[in-house]
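Okay, thanks for coming, everyone. I'll put the structure up and then walk through a few spots in it.

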Amino acid sequence: MRISKFILYFVSFLYLSSNANALEYVFFSPSTDCENEIIRLINQSQNKIDIAVYAINNDNIITALKQAYTRGVKIRILTDRLQASNKSSKVKELYALGFDIKINSQYKIEHNKFALFDNKYVSSGSYNWTNPATSANSENCIFFEDNQPIIQAYQKHFDQLWQLNNKAKSDEWFARHQTNHKEKI
C-alpha cells in the first residue's frame, strides 16, 4: 500500500512539475474582465488565432480582430449559422473584409466559445463574444497559459470542427445572406 501511495504522489509531482509554468485564471461577467483579456490576447498574437464561437458582435473585440488581421495574423473563425444571421452579428462584416470564416453546417448549433492564440493561450467558458455578455449577462471565462495538454486538446478539437465544416457551404451561406459592408479595415 505504501508503494502505490508513493507512486501516486510521485506521478502527481511529475505532472505538476511538467506544468509548473502553466497558468489558469478565471473571470466572470457582467464586467469587462473577459472582454479585456480576450482583447489583450488578440493584441499580442503574432501568428494565428483560431476561434470557435456561438455569437460575435462585441465592438471592442471586433476592432482588435480587425487590427490583428491587418498585422497579418492568420485568423480562422467557426460560428453558428443562426447567430451569424442575427442582425447584430459582425460575422458578415468580417467575412466581407476577407476573414477566413466557416459557418457551422454539421451540428444543430455551434455552441462552443473558445479561442487559441499563437498556440500559447486558450480562452474558454460560457462567455459569448457579444456586448451583452460583457454588460448584462452572467457569464464566465477561463484562460490557460502555457498548458500544452490543454492547448493541444483544444487545437485538435478546433481542427476537427474546421475539417467537418465545408468551406464551399460557408461561402454559399454568405452569398445568400450577403449585405453591403463597405467598411474598411
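**Asn119, Gln155 and helix H3**

Let's start with Asn119: its relative accessible area is 38%, so Asn119 counts as partly exposed. Quick caveat before I go on, this is a predicted model.

So where does Asn119 sit? You'll find Asn119 in the loop that links strand S5 (113-117) to strand S6 (121-125). Setting aside neighbours within four places in sequence, Asn119 touches Lys48, Gln148, Ile151 and Gln155. There's also Asn47 to look at: Asn119 and Asn47 are 72 residues apart in sequence, yet their C-alpha atoms are 9.1 Å apart in space.

Now follow that contact over to Gln155, which belongs to helix H7 (residues 148-164). Is Gln155 buried or exposed? Gln155 has a relative accessibility of 10%, and the cut-off for buried is under 20%, so Gln155 counts as buried. Again leaving out neighbours within four places in sequence, the contacts of Gln155 are Lys48, Asp50, Arg76, Leu116 and Asn119. Lys48 turns up in this list, and Lys48 was in the Asn119 list as well.

Next stop, helix H3. H3 covers residues 59-71, which makes 13 residues. At 1.5 Å a residue the helix should span 18 Å, and the end C-alpha atoms are 19 Å apart, so the two agree.

What happens at the ends? At the N-terminal end, Asn58 acts as a cap, with a side-chain oxygen 2.9 Å from the backbone nitrogen of Asn60. After H3 comes Gly72, and the phi of Gly72 is positive, near 100 degrees.

Which residues of H3 are buried? They are Ile61, Ile62, Ala64, Leu65, Lys66 and Ala68. Yes, there's a lysine in there: Lys66 is on the buried list. As for partners, the buried residues of H3 pack against helix H2 (33-44), strand S2 (48-53), strand S3 (74-79) and helix H5 (91-96).

Zooming out to the whole chain, we have eight helices and seven strands. The chain has 185 residues, and 42% of them count as buried. If you take contacts with a separation of 6 or more, 77% are between residues 24 or more positions apart. And for the surface people, the accessible surface is about 10100 Å², with 54% of that belonging to carbon and sulfur atoms.

That's my tour, happy to rotate the view for anyone.

Conventions:
Residues are numbered from 1 along each chain as its sequence is written. This is a predicted model: local features need pLDDT of at least 70, side-chain atom pairs count only at pLDDT 80 or more; totals for chains, interfaces and linings use all residues. Side-chain values use heavy atoms; hydrogens and water are left out. Helices (H or I, at least four residues) and strands (E, at least two) are DSSP runs, numbered from the N terminus. The expected span of a helix is 1.5 Å times one less than its number of residues. Buried means under 20% relative accessible area, exposed over 50%, partly exposed in between (1.4 Å probe, protein chains only). Contact means heavy atoms within 4.5 Å. A polar contact is a pair of N or O atoms within 3.5 Å; within protein, one must be able to donate a hydrogen and the other to accept it, and residues adjacent in sequence count only if both atoms are side-chain atoms. Accessible areas come from the Shrake-Rupley method with a 1.4 Å probe; for residues, only the protein chains shown count as cover.
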